[in-house]
Amino acid sequence: MLQEWVILLVSLCYLGTLFAIAYYADWKSDRGESVISNPYIYTLSIAVYCTAWTFYGSVGRAAETGVGFLPIYLGPTLMAALWWFLLRKIIRIAKVYRITSIADFLASRYGKSSLIGGLVTIIAVVGIMPYISLQLKAVSTSYYVMVHYPDFEMIQEHRVSSLWNDNAFSVAMIMAAFSILFGTRHIDATERHEGMVAAIAFESVIKLLAFSAAGIFITFTMFDGPVDLFDWASRYQETAKLMKLDVMPGGYTNWFTLTFLSMMAIMFLPRQFQVLVVENVNEEHVRKAAWLFPLYLLAINIFVLPIAFAGMLLFPEGHVAPDIFVLALPLTEGQNILALFIYIGGLSAATGMVIVATIALSTMVCNDLVMPILLRVLSIQQVDLSRVLLFIRRCSIVFVLLLGYLYYRFIGESYTLVTMGLVSFAAAAQFGPAILFGVFWKDASRRAAISGLSAGFLVWLYTLLLPSFARSGWIPISFLQHGPFGIELLKPYQLLGLNMFDPITHSVFWSMLVNIGLLVGISLLDRQSTMDRIQASLFVDVYRHSGDTHLWKGKAMITELKNLLARFIGPRQTDRAFATYASTHKIDFTKDMQADAELVEFAERLLSGAIGAASARVMVSSIVEGEEISPEGIMKIIDETSQVLEYSHQLEEKSLELEAATKELQEANKRLKELDRLKDEFVSTVSHELRTPLTSVRAFSEILHDNEDMGQEERHKYLDIMVKETERLTRLINEVLDLAKIESGRADWFMENIDLTEAIREAVALTSQLFREKAITIVELLPTFPINVFADRDRIMQVVINLLSNAAKFSPSEEGTVTVRVYFKKREIRVEVADNGPGIHPEEQKKIFEKFKQITDLRNGKPKGTGLGLTICRRIIEYHNGSIWAESKPGKGSKFVFSLPE
């Protein structure tokens, strides 16, 4: 367990590093040098798709459904194959018309409608709540695991803490601060954040390295590689069943649903649209990202199943949640530094998602919800709004994160990480039909898009979001069980009697049915407005138009355009943009010069980058006199419409193996010399140990013989001492004889197939009186299923009883805790007995299994026992081809572990 201040310090240093990277990238960008103009950086930024869901939730889902986690990554892989045809077109549209968000994209496509922009923003904010909640839950849980492991009771208690003591609230506020620093330091007319993209790319590297480090350690250190791990998993029912495809709830229908949802999510989650489209600096980067990104997904998921199986094998009692296996397994092995690195990887996965998502959502809230309202307030028409825009976006970031935190606190505990993510995926999927039809079908109309989005969102709300409130107790559970007002046909999980699907598939089926049905049906019957037809042609035929269509026909003064832009993006950026335009078009602006249609169009697109397409259209219209679009303009639009590294690695491995072998030989030689010395001491030691109780018995016998008039009380006292010394003498003789038989090979062994779990439980029962006498707590972490081994049952029980007796001796009265645990590692079954006693001196740990080497009580310095018990235990375990050892730190208890082969 690491100190809390260490975890906090490392976390803050890491977040500070991210900010430094972002600051440097923005500094270079301001000087005209882009550090992200690279297909590899672009691909790594897309990997913001891999959030805490991937880092923690995929393992949790694999522990429940086996390969059921794969569709979440199969969908993006399939979609990546279409990127050159679909994503490249969307990027071209966004660049030509300065699209700043997914809400802006849909609003611009469907007649520059502020209503659609606002509707999409509401859907995005409400739909993303569970996903942000997922990140907060993952970071909060992982933090508590790092601080309190292995105190699982304490880890569970953090869920009911007060607001001010809830570290998830602190995480939310810290993430809000960093999101503000990353994305709202100034208003950018292009709405690109090069610093943020650079930081996200760096985070993608860190989370991949961290998860891979966890997988490599668990697979190749805790086990003997994937073959060994899967071999163990195939032997037990709980893990073997996960290797079948039919274990996932919903079967192949669920596979199809999750694949479809992930295909939509990789494109249409607000954060994915931000990095894929808005932040793209070169559409040619799509070509390389189409095959690099699937490779990244493969790399980060290759160890998901091994980690899930290892966790189930090593924590068969089920007290460790599968979502935290990736942290709990290294912590169990005492790998605190590795666990801290893994924790940072999980923090990267969560913060990357939250930063990009909140920046994207803040832009949408500002441009498509707040600004359309503000621009209609006459009193602010001539006010400088650049600072107001920043304030709105910063408040929006805090608001979105608070919504996510509230969902986590009041709803999130009812769901696993994966389920929470799927709820958001289903919400993001509602944008798919409107976008896909919008870029390929000119007849898709504004009214149809509004109807489809609204209906799909309401169905999602009813069939997925409201049930989460019912499951958390915020609305009556009868809403789920019997439907509203007891109407069975309206049950949210079985709408209109459809009961063959799981909840996610059920919601996706109905929401997509009404969304696509209304979009297509109304479009076929609807008559589009002039603006709808123009925007449809511009989007569908973007490669033909390339932004050279001039839709304005009227009068506007250049000074008015400059003043308008300065109020939103600032005078400095406005002057720079107009100077660039004048230089490119070889125009000499004068104070009273009138703007032509092309300049007005340029000003509108520039303004779109700051406040969105719909609001920009309204503002430009307010200063342009005359007709907006001519019939000729409409007709024009319509008419145009590596081997060396591997060898070096192998040589390094061979060198390490040679060094290890040499060290082993040296240790063996030293051990042989020590054994020879012990052999000479054995006879004298035995005689000394036998002489001590015999001397006591003889002395007290003579006292009793020579003092016939001794009082009765004193006589009983001496007799008690003699009895105890006689028992000690008998025990010593029995142990010497037992050890002699074992070492000479004359011991009787009754080998058979036994249930190790049952034998251990019986040993615990036989020693229970020892624990009751000292009021010591005994904790049994034993599997619920039988573990069969080929062994001598009585001898194995003898070992366990000896270890339990020692633990009882050294544990403090009334405050002592002894834990018995059985788990799997590599090709072994391990039994562990741990106490919270004073511990063992480091120099004694290697000697305690030798003959007559007694454990010293660190409290009073006196040895306890005869010094043969652990030696006999070692001989018994070695006879069974196993091993036994001790792990201890003075003052922190002791742990004795023995292993048996399968």
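**Strand pairing, aromatic pairs and a buried glutamate**

In the predicted model, Thr 819 of strand β4 (residues 817-825) stands opposite Ala 834 in β5. The two strands, β4 and β5, pair in the antiparallel sense, and eight bridges hold this pairing. They belong to a hairpin with two residues between the strands, in which Lys 826 adopts a positive phi near 55°.

Strand β5 (residues 828-835) is also joined to strand β9 (residues 894-901), again by eight bridges and with the two strands running antiparallel. Within this pairing, Glu 828 is placed opposite Pro 901 of β9, while Asp 835 has Ser 894 of β9 as its bridge partner. Of the eight residues of β5, seven are buried, so the strand is largely enclosed by the rest of the structure.

These pairings form part of an open sheet of five strands, whose order is β2-β4-β5-β9-β8 and whose pairing is mixed. The edges of the sheet are taken by β2 (777-781) and β8 (883-888), each of which has a single partner strand, so that one side of each is left without a neighbour in the sheet. On average, and with direction ignored, neighbouring strands of this sheet are turned by 15° against each other. In general, the strands of a sheet pair through backbone hydrogen bonds, in either a parallel or an antiparallel manner.

Attention turns next to the aromatic residues, for which the count comes to 30 aromatic pairs. One of these pairs is formed by Trp 53 and Tyr 131, whose ring centres are 5.9 Å apart and whose planes meet at 65°, an arrangement classed as edge-to-face. The pair links distant parts of the chain, since Trp 53 belongs to helix α3 (residues 52-65) and Tyr 131 to helix α7 (residues 114-148), with 78 residues separating them. Trp 53 and Tyr 131 are both buried. A further pair consists of Phe 315 and Phe 325, whose ring centres lie 6.0 Å apart with the planes at 25°; because this angle is under the limit of 30 degrees, the pair counts as stacked. Phe 315 is found in the loop between α16 (304-314) and α17 (325-332), whereas Phe 325 is in helix α17, so the pair ties together parts that are 10 residues apart in sequence. Both Phe 315 and Phe 325 are buried.

Trp 53 and Tyr 131 also belong to one aromatic cluster, in which they are joined by Tyr 49, Phe 69, Tyr 73, Trp 83, Phe 293 and Phe 425. Helix α16, which comes before the loop that holds Phe 315, is mostly covered, with 11 of its 11 residues buried; among them are Val 304, Pro 306, Phe 309, Gly 311 and Leu 314.

Charged groups are also placed over aromatic rings. The charged end of Arg 88 sits over the ring of Trp 84, at 4.1 Å from its centre, and Arg 795 lies over the face of Trp 749, where the distance to the ring centre is 5.0 Å.

Both Trp 84 and Arg 88 are in contact with Glu 283, as are Ile 91 and Arg 92, when the neighbours of Glu 283 within four places in sequence are left aside. Glu 283 lies in the loop between α14 (270-278) and α15 (285-301). With a relative accessible area of 12%, Glu 283 is buried, because buried residues are those under 20%. The side chain of Glu 283 is joined to that of Arg 92 by a polar contact of 2.7 Å.

Terms used
Residues are numbered from 1 along each chain as its sequence is written. This is a predicted model: local features need pLDDT of at least 70, side-chain atom pairs count only at pLDDT 80 or more; totals for chains, interfaces and linings use all residues. Side-chain values use heavy atoms; hydrogens and water are left out. Rings of Phe, Tyr and Trp (its six-membered ring) pair if their centres lie within 6.5 Å; planes under 30 degrees apart count as stacked, over 60 as edge-to-face and the rest as tilted. Helices (H or I, at least four residues) and strands (E, at least two) are DSSP runs, numbered from the N terminus. Buried means under 20% relative accessible area, exposed over 50%, partly exposed in between (1.4 Å probe, protein chains only). A charge sits over a ring if NZ of Lys or CZ of Arg is within 6 Å of the ring centre and within 35 degrees of the ring normal. A polar contact is a pair of N or O atoms within 3.5 Å; within protein, one must be able to donate a hydrogen and the other to accept it, and residues adjacent in sequence count only if both atoms are side-chain atoms. Contact means heavy atoms within 4.5 Å. Two strands pair if DSSP finds at least two bridges between them. Axes are lines fitted to C-alpha atoms, for helices over the stretch in contact, and angles run from 0 to 180 degrees between N-to-C directions.
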